[in-house]
Amino acid sequence: MKNKQKSLPGFFILIILLTFIPIAGCVSSSGKKDNTVQDSDKKPDPGEYSKKPSIINTHLLDLHGKTVLALYKSSDNQREFENEIYYHLDSLLQARGMVVRYWDIDSGIPGDDAVQDIRVIISWFRNPGMEDPEAYLDFLDRAIIAGRKVIIIDNLGAYLYHNQDPAREEYVDPNRINLTLSKLGLIYRGDWTDDPGIIEIAYKDPGYVEANGKQDVQQSAFYYKFIQVDRDLKVYLSLRRKDRQGDPGPVITINKNGGFIFSRYIYHNRAGESPVMLINFEKFIDTALFPNVTEERLLLLTNINNEIAKKNLSFITGILEDSRLKFDVIDYARFDYLLAGDLNNYSCIGLVLNSDRKLKAEYFHAYLENGGSLVSFLRGDFTGIALCLAATVVPEANKSYTGYQFKPGFIMGEKLTVQNPEKVWTGGNLQPDKDAVVLATDFSARNPLLWTAKRGKGNVLVWNWNDFLENGLPGLFLESFLYVRPVGVAATLGIAHIFIDDWPLPMYDTKKEPLPEITDTEYYTNIWWPDVKSILESRNIPFSNYLIFNYNAIVAAPFTGSEFYISESQSPLKITGQIIDQGLELGFHGYNHMSLTMEKTAVNINNWPSVHAMTGSLKEGRRNWLNSTGAGTLPFAYVAANNIISREGIVALTCVFPSIKIISALHWGSGEETYTNFGPHETIPDLYYFPRISYGYQFKPQLASLLISGASGPGVISHFIHPDDVYDPYRSDNKTWKELKQEFIQILDFSRANYPWIKWVNIREAYQRLVKQETYNYTFRLSDNTLHITVNPGAVFRVRPNQGLRLRKYSGAEIIYQYKNMPMLILQANSHQVTLEFTK
C-alpha cells in the first residue's frame, strides 16, 4: 500500500533545522572507510549529534540590566558621592533610565557575580596605578566578552603596579594593556611628551569635544601614542607629534564595545575660574551606549514562551536569515531592562507579541518621531501602545471574520489582488485610526486586517490576525518589513524548480477508478507523462524526477520486492532509460516509501528498527539503481519519502549515496514532516537543503498564497507534483486529469506572469545558486534617500521604494526586472559597491 504526503496542510508550525554529526562505519566519497554509519542494531544516542543553536537563540540579545557600574579610586581622594562620574554623569545616566552603582576599585575588583545586572562599566581615574592592574584588566576583558560595554575616562588607571614606595613601582607590560585596549579599538604605544610645542590636533569633532570651549594643546600639553586597530572605530579627537612621522593617534573614541576619553582633553582649568568642560557627555554617552542606526538592522520583540509568538518568530527569523537582513531578538523576560535608547540602533522594529505588557508607549513614540519603522504582526491586547499603532481600542475583541482580500500594491506581483473567501480568522482589540490606510480586510471589506499610517517621521504597519501560517503567507513577514521603510531591501535567491515525486514508479497493469477503461500503466505511460513533459518543456521549465522502487513496508532484511519490474511492458524501466538518455534529471526517492527515520509516526507506522536496517534498504536501493540506470548515474538529489527524514537518516543516505548533494523535504508545513530553510546542511560539507513550498495541480487560493509567499520570502518557487493524483480523491478533489492539467498550467502561468525575474533552473543549477549565496556578504545602508549596498558581484536583491520615492540613478548593478504596477525592482550586482539614489 502506497503511503505518501497528500498535500501541504494549511496549518503550519515552526521550522525544524536538522543537525547532527556522523555516526560510525560508512564508505566516504573518497572510497575510504570512515566512522559514518554504525553497523549494529543500536539506536544512535541523540547526544552523539552536534547541536547547532536555533536561529532564535543565535540572535537573542541579553540586555543584562539597567545598572551602570561606576568605578572610582579612594586613593585619588574620591568617595562614593564625591567623584567625577557622580558630578558629571550621574544625572545624565539616570535621565536615560539607568541606575548608577558606585564601586571603589581600591577596595577590590568586583567578582563576576557583582556584574550580573551590569549593562556598562565606566571608570574615571586620575592616577595610573593600582594594586593589581592585571587582575583589573582581566576583569574588563571578561566584562567586554560577556557583552558589557566599557567606557574609560581620563586615566586607564592600570598602567603600573601601585606601591607605597614610588621608586619600586613597576609598569605593566604594554602588550597586556593592549589586550584590553584593543577591544575598544586602540593600541597604546607610549611615546609620551608634555611639550605643547610638538603636539598638534590632527582632527576634532567640535560637537563632541568642544562643548563649552576650544581644545587647546597649550593647556592640555599631554601626549601618548595610540593606534587605531578597529576599522569601525569612531574618532572624535586625534593628536599628532610634529617631530614624528606616521598617522595621527585617536584619543577620544567610540566603538561597539564602549569608549575612551584621554586625559587632559576632558576639561580645562583656568586660574580663579571653574573648570571648562570640553566633552559633550550627552552626545558621547548616547553614541557609546545607544548608537543611531548606521545600516539596515531589525529588532524583534517577542515572547518565546508563548507558543503562537514562538511559532511565528521561527518563520520570521528564518526569512530574515535568507534575506541577509541583520536582526536581534529581545525576549519578554528582558523587557524590564529595555531602555528608550536601545531602539535607536534599529531601522525597523517588529512586534511578535500578543500583548504590550512591559512595553512603554513613550519609547515607541520617540522612536517613530525620529523616523523609525514599526510592524506589529499578531493580534492581541495592545491598549498601552495603541496610539503608536495608529489605532484605537475597541471593546469587542477576538471576533471571527470570514475570508480576506488584499488591495493591489502591497503584495509583490503585477496588479495582484490576493483573495480567499473561505478562511476564518480572529481579530484583535484594535481598529485603525481615521488617517490610517487599510491595505487588507475580511472578504466583506468591512473589517480591517492590515493597515498602515505615518507616525512622526516614521511609519507603522499593523496586522490584525495571527494567521500567516494557516493561510500560507509567511513570506509576507518580509514584505511587511520592506513596506514600512522609505526604501526596503533584501537579498533573494530568485530561482524556481519543479519536482516530480515518485517518478518513475512501480506500475501494476491494473484498472481502477476513476479510469476503469485503462490500466495504470497505460495512464502513466501514454497520457500523464507525455502531457506533463510537454507542458514543462514547451515553457522551458526544468524539472527533476525522483525514482521509487517499491511501496512495500519492509523495514528489516531481507529487502525483497521487485514492484518496479512487475509491469509486463517494463514501462518503469524503459521510462527510466529515456530520462537518462534524454539528459533529464533523475533523483532518488527510496528503496521503498518508508521515511528514513526510526521514529514511529502517523505516516511511518512501520518505522526503521535501526540505522543498520535503514542502511541495508539504501544499499538495496543503490543496487537496483545501478541495475536500472547503469554505472556512473548515481543520484545528485534526494526527496524524502513522506517529506520526513531524520538526522541519522541523512547520515545513512549520504554514506550509501555520497553523490547526493541536495536533500528536499518541506519549507513550510505542519505535523510530522521535516522543515528546513534553503541553504547548507549544518555539519556535512557540500550538502544543501532545497525544500519544497507548494504542491499539486489544483490552483486554489491556498496554493496561490504559497507561491506568493515563496517569491516574497526566500525568492523561490519550489513546487512538487505526483503522477498518481488522479487516483486519489483527496488530492484530485475528484477532478479529471484534463481538469487537473489545466489548473497546473494556470499555476505555471501565474508564477511566470507575476514573478518573471525568478529563473527556472535544474536541480544542479539550484545547488550552484545555493552554494554561491552562502559566499555572498550583504550590507545595506540607507542614508538621505540613497541606498548603499556592499555585496559580491552576482548577488541578487530586491528593492522596494515607498512613500512616493522613485529611482533617480544607480550604479554597480543592473535591473533584472521592474514592476510596472507597484514599486519593486529586482537587481543583480556587478560590483562590490552598489548605489541607488531615490527622489520624490
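## A walk through a predicted 840-residue chain

Pro 793 is partly exposed, with a relative accessible area of 37%. This proline sits in the loop that links β43 (786-790) and β44 (796-801). Leaving aside residues up to four places away in sequence, Pro 793 touches Tyr 776, Ala 829, Asn 830, Ser 831 and His 832. Arg 96 is 697 residues from Pro 793 along the chain, and the C-alpha atoms of the two are separated by 43 Å. Please keep in mind that everything here comes from a predicted model.

**The chain as a whole**

Stepping back, the chain has 19 helices and 48 strands. Its C-alpha atoms fill a box of roughly 110 × 65 × 50 Å along the principal axes. Of its 840 residues, 59% count as buried. Among contacts with a separation of 6 or more, 75% are between residues 24 or more positions apart.

**Two nonpolar cores**

The largest nonpolar core has 169 residues, and Phe 406, Trp 463 and Tyr 755 touch the most other members. Trp 463 is a good place to zoom in: beyond four places in sequence, its contacts include Phe 406, Phe 410, Leu 449, Leu 450, Phe 468 and Leu 476. The stretch Val 375, Ser 376, Phe 377, Leu 378 and Arg 379 also touches Trp 463, as does Ser 480. Apart from this core lies another, of 99 residues, with Ile 144, Leu 181, Val 251 and Leu 430 among them.

**Helix α4**

Ile 144 also belongs to the buried residues of α4, together with Pro 133, Tyr 136, Leu 137, Phe 139, Leu 140, Asp 141 and Ala 143. These buried residues pack against the strands β3 (67-72), β5 (118-125), β6 (129-130), β7 (149-154) and β8 (160-161), and against helix α5 (174-181). How far apart should the ends of α4 be, at 1.5 Å a residue? The helix has 13 residues (133-145), so the expected span is 18 Å, and the end C-alpha atoms are indeed 18 Å apart. After α4 comes Gly 147, which has a positive phi near 95°.

**A hairpin and the helix after it**

Strands β31 (residues 511-512) and β32 (residues 515-519) pair in the antiparallel sense over 2 bridges, and a hairpin of 2 residues joins them. In one of these bridges, Lys 511 has Thr 519 of β32 as its partner.

Thr 521 lies in helix α12 (residues 520-538). Its side chain makes a polar contact of 3.4 Å with that of Asp 520. Not counting residues up to four places away, Thr 521 touches Met 507, Tyr 508, Asp 509, Asn 526, Ser 567, Ser 569 and Ser 571.

**Cysteines and burial**

How many disulfides does the structure hold? The count is 0. For Cys 348, the nearest cysteine sulfur is that of Cys 388, 14 Å away, and Cys 348 is in no disulfide. A disulfide is a covalent bond between the sulfur atoms of two cysteines.

Here are relative accessible areas for some of the residues in this report, with one further cysteine:

| Residue | Relative accessible area | State |
|---|---|---|
| Cys 348 | 1% | buried |
| Thr 521 | 6% | buried |
| Cys 655 | 8% | buried |
| Pro 793 | 37% | partly exposed |

Cys 655 counts as buried because its 8% relative accessibility is under the 20% cut-off. Pro 793, at 37%, falls in the partly exposed range between 20% and 50%.

Conventions
Residues are numbered from 1 along each chain as its sequence is written. This is a predicted model: local features need pLDDT of at least 70, side-chain atom pairs count only at pLDDT 80 or more; totals for chains, interfaces and linings use all residues. Side-chain values use heavy atoms; hydrogens and water are left out. A nonpolar core is a set of buried Ala, Val, Leu, Ile, Met, Phe, Trp, Tyr and Cys residues joined through side-chain atoms within 4.5 Å. Buried means under 20% relative accessible area, exposed over 50%, partly exposed in between (1.4 Å probe, protein chains only). Contact means heavy atoms within 4.5 Å. A disulfide is a pair of cysteine sulfur atoms within 2.5 Å. Helices (H or I, at least four residues) and strands (E, at least two) are DSSP runs, numbered from the N terminus. A polar contact is a pair of N or O atoms within 3.5 Å; within protein, one must be able to donate a hydrogen and the other to accept it, and residues adjacent in sequence count only if both atoms are side-chain atoms. The expected span of a helix is 1.5 Å times one less than its number of residues. Two strands pair if DSSP finds at least two bridges between them.
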